Every structure is written in C-alpha cells, then in structure tokens.
Amino acid sequence: PLADFTPVTTVCAFPFAFTVRADHPAKTLAEFIAWAKGRQQTDWASPSPGTMPHFLGVELARHTGIVLNHVPYRGGAPVMTDVLAGVITAGMNVLSEPVPFHAAGQMRILAISAPRRVPRLPDVPTFAELGFPALTRQEWFGVLLPAGTPQTVVRPLHEALVATVRTPEVQEVLGKLEFAPDTMDPAAFAERIRAERENWGPIVAASGFRPEE
C-alpha cells in the first residue's frame, strides 16, 4: 500500500462486537469462555474470511484457550440472521449491526473491541476491561491517492477532508453508524499502515489463512 499509494487522511474508525443470541446460557464473556471450554469446539461466524472480524476471532481463541471453529459468511447481515436463528453460536460483526438487536433483547453483545465503552451501550464492556487488551482493535476508512501525487494536491485535499469530517452533519451520520471521527496527517496515516501491517502479519501467518487465488 505504501509503495502504490500516497496516504491523505483517515476519516473514521469503528469497533467490532462479539455476540450471541439472547437466550444463550452465557451472559458475560467469562461465562462464554467457561461454556466453550466444556466443548470440543464452538462455531462462530465472521462477515468474510481474511477480514479484521475473522482475525479478532482467531485472537480471541488464542488468548482464552477456547477452540473456535470459524465459519465465514458473505456479509454481516447473514451473520446476524443466523445468530438470531440459532444456526451459528456466535458472531463477530461491525458494532452497528447488532446494536438494534441488543437493544431489543434479541441478542447479547458480550464485548466490543473499542478502546472504551460507547455511549449508546453503557452496559457493554470492552475486551480490554475483561482482561484482553490485545483485542482492542478498530477498523478505519481513509483516503489515499496514487503514489507520487505532489504535496500541492495532497495537502489541500487533506485539509478539506479534515474540515468536512468536523462538520456537525458528517459527525451526526458517523455517530448513527457507531463510527468515530478519526483524522490524521499523511505522515501519521502512513505510520499507521506500516504498524498495522507489521502487527497483523504474524497473526495472519499463524492462522494459516491464505487468500483465494
């Protein structure tokens, strides 16, 4: 990415939620871990293989010692449908997707990957609070240009995007999606990409995942 693109800025960041159906016997993450340890393996779903929710589940299994069998889906909505129907035991999704079901009492969010609790879910703890700081992860959206784009183009675009993200209208829309405004200068954005590649590389390699040819 850093060879082919010029980072401009991130725009927003968003966490993920680990969920079960409301009638699952585990009411907390600790109870889920104890429940899963009593089984040979537990099926769980992510919206797609090779995504952050997928590898968050891999990390959850590694840090807790439970055996989780990953079932990749094609999108977050089918994951929600099958968790609600009891077809799959648990799911890891973008936080905004299970929030309505959690509020309606149909689904239970056991933990979120955000660095702190979110205002709309004051009762839902973070993984870090529960003793798993390595699962504090957020995905982000950002804007990049082709490599070699001159700074005379990059800098004005950066400033315009940051100003736009700070407007009340954009922040309201992001808030409804449980996305947090998150902007940074091009150098910091490049460093984030480098750091995340270095961090996730060993985790992906250890998982045995290979992208489809």
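User: In which sense do β3 and strand β5 (residues 90–94) pair, and over how many bridges?

Analyst: In this predicted model, the pairing of β3 with β5 is parallel and rests on two bridges. To place it residue by residue, take Ala 45, which stands opposite Gly 91 in β5.

User: Which other strand is joined to β3, and by how many bridges?

Analyst: Strand β4 (residues 68–72) is joined to β3 by five bridges, and these two strands also run parallel. One point of contact to look for is Asp 43, whose bridge partner in β4 is Asn 69. Between the two strands the chain passes through helix α2 (residues 52–64), and the resulting β-α-β crossover is right-handed.

User: How should I read the side chains along a strand, and how many of the residues of β3 are buried?

Analyst: The general idea is that in a regular strand the side chains alternate between the two faces of the sheet. As for β3 (residues 42–46), four of its five residues are buried, so the strand is largely enclosed by the rest of the structure.

User: Turning to salt bridges, how many does a search of the whole structure find, and which residue pairs with Glu 59?

Analyst: A salt bridge is read from a side-chain nitrogen of Lys or Arg that lies within 4 Å of a carboxyl oxygen of Asp or Glu, and the search of the whole structure finds seven such pairs. Glu 59 pairs with Arg 62, with the closest N and O atoms 2.9 Å apart. Both residues belong to helix α2, where they are three residues apart, about one turn of the helix.

User: Are Glu 59 and Arg 62 buried or exposed?

Analyst: Buried means under 20% relative accessible area and exposed means over 50%, so Glu 59 counts as buried at 3%, whereas Arg 62 counts as exposed at 56%.

User: Where do Arg 117 and Glu 129 lie, and what does the pair tie together?

Analyst: The side chains of Arg 117 and Glu 129 meet in a salt bridge of 2.9 Å, N to O. Both lie in the loop between β6 (107–112) and β7, so the pair ties together parts that are twelve residues apart in sequence. Arg 117 is partly exposed, at 36% relative accessibility, and Glu 129 is likewise partly exposed, at 43%. Another pair worth inspecting is Arg 21 with Asp 23, where the closest N and O atoms are 2.8 Å apart; Arg 21 is partly exposed at 28%, while Asp 23 is exposed at 54%.

User: What is the volume of the largest pocket, and which residues lie nearest its centre?

Analyst: The largest pocket has a volume of about 290 Å³. Its lining consists of 16 residues, and those nearest the centre are Val 118, Pro 119, Glu 178, Phe 179 and Ala 180. By class, the lining divides into ten nonpolar, two polar and four charged residues. Among its contributors are β1 (5–14) and β8 (180–181), each of which supplies at least two residues.

User: How much space lies in the second largest pocket, and which element gives the largest share of its lining?

Analyst: About 240 Å³ of space lies in the second largest pocket. Its lining has 13 residues, of which Glu 139, Trp 140, Glu 196, Arg 197 and Trp 200 are the closest to the centre. The elements that give two or more residues are α2, β7 (139–146) and α7 (186–207), with the largest share, five residues, coming from α7. This lining divides into eight nonpolar, two polar and three charged residues.

Note on methods. Residues numbered from 1 in each chain as written. Predicted model: local features only at pLDDT ≥ 70, side-chain atom pairs only at ≥ 80, totals over all residues. Heavy atoms only, no water. Buried < 20%, exposed > 50% of the residue type's maximum accessible area, 1.4 Å probe, protein only. Pairing = 2+ DSSP bridges. Right-handed = clockwise from strand over helix to strand, strands pointing away. 1 Å grid on protein atoms, 1.4 Å probe; cavity = no way out; pocket = protein on both sides within 12 Å on 5 of 7 lines; lining within 4 Å. Points joined across faces, edges and corners; volume = space filled by probe spheres on them. Nonpolar A, V, L, I, M, F, W, Y, C, P; charged D, E, K, R; others polar.
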